[in-house]
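Student: Could you take me on a close look at the sheet in this model, strand by strand, and at what sits against it? I would love one connected answer.

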Amino acid sequence: MSKRVGILTGCGQGIGLAITKNLLSNNKDYHIVGISKSTNSELDSLKKLYKERFLFFESRIEDSEKILEILDVVQKRHGAINFGICNAGIRSRLSISDSSLEVYRNVFEINTISNINIAKKLITISLENRSACNILFVSSIVGTRGFDELSTYAVSKSALDGFMRSAAVEYAKDSIQLNCLAPGFVESSYAENFKENRNDLYEWTLDQTPMGRWGKCEEMANIASFLISEQNSYMTGTTIYSDGGWTAK
Ligand SMILES: NC(=O)c1ccc[n+]([C@@H]2O[C@H](COP(=O)([O-])OP(=O)(O)OC[C@H]3O[C@@H](n4cnc5c(N)ncnc54)[C@H](OP(=O)(O)O)[C@@H]3O)[C@@H](O)[C@H]2O)c1
């Protein structure tokens with residue numbers, strides 16, 4: 001296989017960290033550029049272990065100018081960028097009455113606008129280089145299902161799904177593919193806190209999930225790894241659910 005270069009946001013913890021490890025350990029031709037809010041010991045180990053193939057930039061995704069500069073650096077260094085995984089995101093758990101417009105704006109800025117900024121730049125680079133690009137957004141089942149206290153998050157993820165479908169159609173003939181991965185409840189960094197402080201809700205999610213358990217970050221990473229690979233050569237404009245059967249009900 002020839003060299004394959006990709007960027008991945010939110011690589012410091014949870015699903016993003018699992019995807020980073022999966023891609024680096026299973027594909028010796030993959031070069032990953034990770035972008036995340038802060039660094040940590042796990043990332044330091046990956047930088048040491050994969051010196052030649054893992055580059056890390058500390059940045060918030062909503063710092064749109066800095067993100068564009070980072071992508072310019074990656075383009076200069078590697079030429080084409082073959083895939084992008086827009087994974088970083090935040091959640092706010094508040095009733096609609098308690099969610100100010102400022103909260104809606106903030107969640108939308110991070111979960112939606114920042115990812116549109118990255119996708120637009122990847123599309124531009126891809127068109128300039130006449131190279132294929134496979135873009136994956138990490139969305140959520142909350143983008144298409146109603147939940148109490150998650151309306152700000154729902155708005156941001158459903159808008160991302162909408163952007164993904166439009167861009168997939170607009171650039172299908174340019175070998176640019178876009179898809180969403182929509183996880184159900186996954187044991188990422190917030191799981192322990194959630195189990196402890198919202199045990200009633202945690203039990204309810206187990207009850208609602210046909211498989212009776214939360215997903216693992218590694219299970220999300222396996223799917224993401226296929227979706228951005230060359231093997232995924234015909235799927236575009238699709239949202240893939242990985243939710244233990246939640247959305248099948
Ligand atoms: N876990 C779930 O149950 C679940 C379900 C459905 C969808 N998702 C989606 O999956 C994605 C990953 O979630 P997760 O549960 O793995 O989250 P997580 O454990 O909280 O990890 C998120 C990662 O993104 C980074 N990050 C957060 N905000 C950022 C920002 N503004 N700019 C740059 N980096 C930022 C964090 O940086 P730090 O390390 O510095 O904190 C962290 O490394 C999100 O888009 C989320 O909406 C998760």
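Tutor: Let's start where Ile32 stands opposite Phe54 in E3. Ile32 belongs to a pairing you can follow with your finger: strand E2 (residues 30-36) and E3 run parallel and are joined by five bridges. Please keep in mind as we go that this is a predicted model.

Now step back to the whole sheet. It is an open sheet of seven strands in the order E3-E2-E1-E4-E5-E6-E7, with parallel pairing. Strand E3 (54-58) and E7 are the edge strands, and each of them pairs on one side only. If you look from one strand to its neighbour, the two are turned by 15° against each other on average, direction ignored.

Let's move over to the other edge. There, strand E6 (residues 176-183) runs parallel to E7, and five bridges join them. Within this pair, Ala182 stands opposite Tyr241 in E7. Tyr241 is also part of a nice pattern, as the side chains along strand E7 (residues 238-242) alternate. Thr239 and Tyr241 point to one face and are buried, while Thr238, Ile240 and Ser242 point to the other face and are not buried.

Next, look at the helices against the sheet. Helix H5 packs on the sheet and touches strand E5 (133-138), E6 and E7, with its direction at about 155° to that of E6. Helix H8 (residues 217-227) packs on the sheet too, touching strand E4 (83-86), E5, E6 and E7, and its direction makes about 170° with that of E6.

Let's pause on one residue of H5. Ala154 lies in this helix, which spans residues 151-170. Ala154 has 18 other C-beta atoms within 10 Å, and because being buried takes 20 or more, Ala154 counts as partly exposed. Leaving aside neighbours within four places in sequence, Ala154 is in contact with Val142, Gly143 and Phe147. You can also find Ser92, which is 62 residues away from Ala154 along the chain; their C-alpha atoms are separated by 9.9 Å.

Finally, turn to the ligand. There are 27 residues around it, and Gly10, Gly12, Gly14, Gly89 and Ser188 come nearest. Helix H1 (residues 14-26) gives the most to this shell, with three residues. Sorted by character, the shell has ten nonpolar, 13 polar and four charged residues.

Note on methods
Residues are numbered from 1 along each chain as its sequence is written. This is a predicted model: local features need pLDDT of at least 70, side-chain atom pairs count only at pLDDT 80 or more; totals for chains, interfaces and linings use all residues. A residue is near a molecule or strand if its C-beta atom, placed from the backbone, lies within 6 Å of it. Helices (H or I, at least four residues) and strands (E, at least two) are DSSP runs, numbered from the N terminus. Ala, Val, Leu, Ile, Met, Phe, Trp, Tyr, Cys and Pro count as nonpolar, Asp, Glu, Lys and Arg as charged, and the others, Gly among them, as polar. A residue is buried if 20 or more other C-beta atoms lie within 10 Å of its own, exposed if 12 or fewer, and partly exposed in between; C-beta atoms are placed from the backbone. Two strands pair if DSSP finds at least two bridges between them. Two residues are in contact if their C-beta atoms, placed from the backbone, lie within 7 Å. Axes are lines fitted to C-alpha atoms, for helices over the stretch in contact, and angles run from 0 to 180 degrees between N-to-C directions.
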